[in-house]
Structures are given as C-alpha cells and as structure tokens.
Amino acid sequence: MCRSLLTFVRGTHAVSTRKTRRLLDKSKTFHVACGVAICVFSVVHVSAHLVNVVNFSASYSDDFPALNLARYRGEDPKMIIFTTIPGITGVLLVLILFLMFTSSSYCVRVSNYEIFWYTHNLFIIFYIILMVHMVGGALKYQTNIEAHPPGCLRTNQSSTEQQGEELEQSEDEEGRCREDAYFQPHYPQTWLWVSGPLCLYCVERFYRYIRSSDPVTIVTVVRHPCDVIELRMLKKNFSARPGQYIVLNCPGVSSFENHPFTLTTCPTENKETFGIHLRVVGDWTERFTQLLLPPPRIDLEILPMVQQRRYPKLYVDGPFGSPSEEVFNYDVSLCVAGGIGVTPFACVLHALLDGWTGFRLQRLYFVWVCRELQSFYWFAELLCALHHKLWQENRPDYFNLKLYVSQTDGLLSMSEEKYRPLSSRLLVGRPKWKLLLDEIGKSNKHKRVGVFCCGPKGISRTLHRLCNSARSSGTTFEFNKESFC
C-alpha cells in the first residue's frame, strides 16, 4: 500500500514489460488477500492457544515447572489469559483485528468512511503490540539437549512407571541424564519481519505529508448536470500522466479523511492547471460541495461589482499510478465507462486532443453507459472536439465511440447542432458485451486488445469473464480493472 513507491516503480525503465506493470495493479487485491489470510490464521492461532491454556491448567507438571504457564494445577484459564503479557497482548490484538476486519466491509466504507479510516490506521498499534506479544515467554525451548536428551532417565522422576524403567536400565549409563533440563523463552523475532515494512511505510507517509503540505490554488469550480462538480486546481511543480489519480484532503470537511479522485485533465506545457470531476454522493462530497459553492446570501443589501469567491483550503496528495495508464501501451484499447467512471478515460481523451505523442495506441474503442442523457454533457464538448480533430487529420477510424443510455423515461435527444456527432452514436438500452467483443475481435484479428473498465461491478464481472474466454478470431483481450487503493 505504499502508493508513491508503486507509482515510482511503475514509471521507471526497470519495469518495462506490461505484465510486470499489471502485477503492480494487483497491489490492493494482494493487500486484501493478506488481510484475509491474517484473519484466518489468527483464528487458528488463537484457538490453539486457548486449548493450550486449558492444558496448562489441567495438566500442570511438577517435573518441569519452568514449562508451565499456569502457576498451579487447576488455575482458572481466564486468569492465565488476563494476567500474562502474551494473554493481554493477545486479547488486544484480537480486538484490533476484529475492528479492522469489520470496518473494512463495503457497507461501512460507503456509509461512514471515517470509521474505516480511523480503525484501519490501528494497524500501527497492532504491529507494535505484536512485537511485544512474544516478550512474556509463553513458548520455550530446551537449551541443554546434549546433557538432557528427550526421554532420558532422571533420578527425581515422579511416576512409578518411570522409576521402574530407571531400575531396569540402571546399568545403561548412557540412558541417564547428566543434568536437569533447562528451558529458555524464544527470542522475539517478529520485529525482524515487521520493522522493515513498517519503517518503509512510515517513510512513505512522511514523504507524502511533506509533498502535500502546501494547499493548492482552486482556479474554477463548475457545476455540471446530475450533481457533478468540476474542479480546476493549480499547484507548483505538479506533473501527472493520463490515467493517474490524486487524493484530496479538505480540513474544512474532515482533517483526517482523504478521498481519491481520477484526474480528468493533466498539466501540459501550455496549461499548468489540472482538474477532477466528482459526483456528489455521500456526506463528504455534499459538505465539500457546500464549501465550494455556498448558497447565495440574500441578506446583502448592496452587491459589489466583482465578488471574489473564498474557496476552502484543499490539499492534494499524488499523483498515483492506476491501470488506466496502460491504455497507450496497447495497439488497440477498449475503454468501458459506467456513469462517473468515465473520469479515468477523460484524461486519456484530453491527451489525444492535446496532441500527446510517444504512445503505441493505434485504435481506441470508447463505450460509455449512463442512466440519464444529461450525464453525457459532462464531456460532450471534449468528445466532439476530439471527433472533429480526427476527421480533420483524416483518421476517422482511430476513435470508435458508442454511447448508451439505459433509462428511457422522458428521453430526449441531444438536439444541439454542435453535439450532432454524439447524437448519431447514441444508443438506447444496455450494450451486448459479447457481440461487441466479437465485433472488435473480427476487426483486430490476432492482436492483443487492452480492455479497461471503470464502473459498476456487474459490468466489470461480465467483461472479465468474456475476456478470459477464447476467441475464434485469435484476438486476445486483457482485462484491466480500475480500482483505487
């Protein structure tokens, strides 16, 4: 989850193959898999120790008192747990892990992101306690195996059976113990595995804190249809590539809450500003929008000729890499967007419009699915401008555009003359994904097509399944899912 480190590795020449970069895109999936594995094996670990605690109490051994975690036979197992360092730290670790696991669920993250954010950062305390967990010395090992090998005969054995065996084997001097068994707690080694990654993450967080310590300058704020806000910003020495995303922090809304947003415009040589489009969904975006676009004050008797807006303080962390950066690294790419999921590809379209060079892409298929017709107006001018540019350059086949509107109630066409290229490509209903991929496969036989999706899970699951199925045309589809860390 070191986003800056992953972005740096992705941008270096050392990671030159597409397969290696796609592995970096699985960092969040790997993170989730590690979390689930920790929870599963923690259940096994805790269950085994609970059995051990009961055995320590019920099977107290007078022969080897150093091995006993219990102080006497029949001691209450709960007292063993809550009066020893391994027991207390173990309870704290289970409690923290339970909070982190439950708050990481999708419903909690959507309904109350702050609960997820605060509890997830308990992992630092979790690792510190984990390093202390071994200090109590619950598990021990024998230090004098040569002088006291396992099973050797001792003069002070308490069992009558063992005393009988000792008499029978009294003539065998090698079977006797030369000294009593000595036991020593295991040396704590958790810090060897945890301290390195933890220090690396802390260094990354400190670097990101320094990089994002200066607030950005908000240039313009535009309200678009369907509760979408466009935000243009300016920051010194800020550079980004199409497809990357940033993390916003607005102290006026929440000092510790950070939210990722894909860049829809990147800085260029002629334009230093960068921008995002955010949809007003949830408490954070609602409060943030109210600070950006406060309602007009009706108590003012005299309005000034020029009223200067006072925007809230805003901090930007990033940019960070994402799978959408790979759009330009395929000969043929298919970009599928659902609703506001169009934002990663808007920056790609801006790059094509601005004449960005040095990429491999030879043909781009763009499919945008929205519930409402008004949603297409977010980037209608961008799509039309790119269409006109390619027609003037005599490259009409370079950009293949399909727009789908799923809601038919009160449907109106985009009747404006300047949006005629879009109205001719507007379809009602949902895409037939199998037919669409078959059509692309026939037009690009024996090629590798990059499929990029940012939208609802239903669309991504369908595309992922279809991309993994074999094609008669010999075309290979590589699925790339846009997902924030």
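Colleague: Does Arg208 count as buried or exposed?
Modeller: This is a predicted model, in which local features need pLDDT of at least 70, side-chain atom pairs count only at pLDDT 80 or more, and totals for chains, interfaces and linings use all residues. Residues are numbered from 1 along each chain as its sequence is written, and side-chain values use heavy atoms, with hydrogens and water left out. Buried means under 20% relative accessible area, exposed over 50%, and partly exposed in between, with a 1.4 Å probe and protein chains only. Arg208 has 6% relative accessibility and therefore counts as buried.

Colleague: Which residue meets Arg208 in a salt bridge?
Modeller: A salt bridge is a side-chain nitrogen of Lys or Arg within 4 Å of a carboxyl oxygen of Asp or Glu. The partner of Arg208 lies 4 residues apart from it in helix 10 (residues 190-211), so about one helical turn separates the two; helices (H or I, at least four residues) and strands (E, at least two) are DSSP runs, numbered from the N terminus. The distance is 3.8 Å, N to O, and the partner is Glu204.

Colleague: Which residue in strand 8 is paired with Arg211 of helix 10?
Modeller: The pair links distant parts of the chain, 106 residues apart. Arg211 is partly exposed at 24% relative accessibility, whereas its partner is buried at 8%. The side chains meet in a salt bridge of 3.0 Å, N to O, and the partner is Asp317.

Colleague: How far apart are the closest N and O atoms of Arg241 and Glu325?
Modeller: Arg241 lies in the loop between strand 4 (228-234) and strand 5 (245-249), and Glu325 in the loop between strand 8 and strand 9, 84 residues apart. Arg241 is partly exposed at 33%, while Glu325 is buried at 9%. Contacts of Glu325 (heavy atoms within 4.5 Å) include Arg10 and Pro242, leaving aside residues up to four places away in sequence. The salt bridge joins the two with closest N and O atoms at 2.8 Å.

Colleague: Which residues of the largest nonpolar core touch the most other members?
Modeller: A nonpolar core is a set of buried Ala, Val, Leu, Ile, Met, Phe, Trp, Tyr and Cys residues joined through side-chain atoms within 4.5 Å. The largest has 40 residues, and those touching the most other members are Phe366, Trp368, Leu383 and Phe399.

Colleague: What percentage of residues 30-58 is helix?
Modeller: An unreviewed UniProt entry places a "transmembrane region" at these residues, although such annotations may be inferred rather than shown by experiment. The end C-alpha atoms are 42 Å apart, strand accounts for 0%, and helix for 100%.
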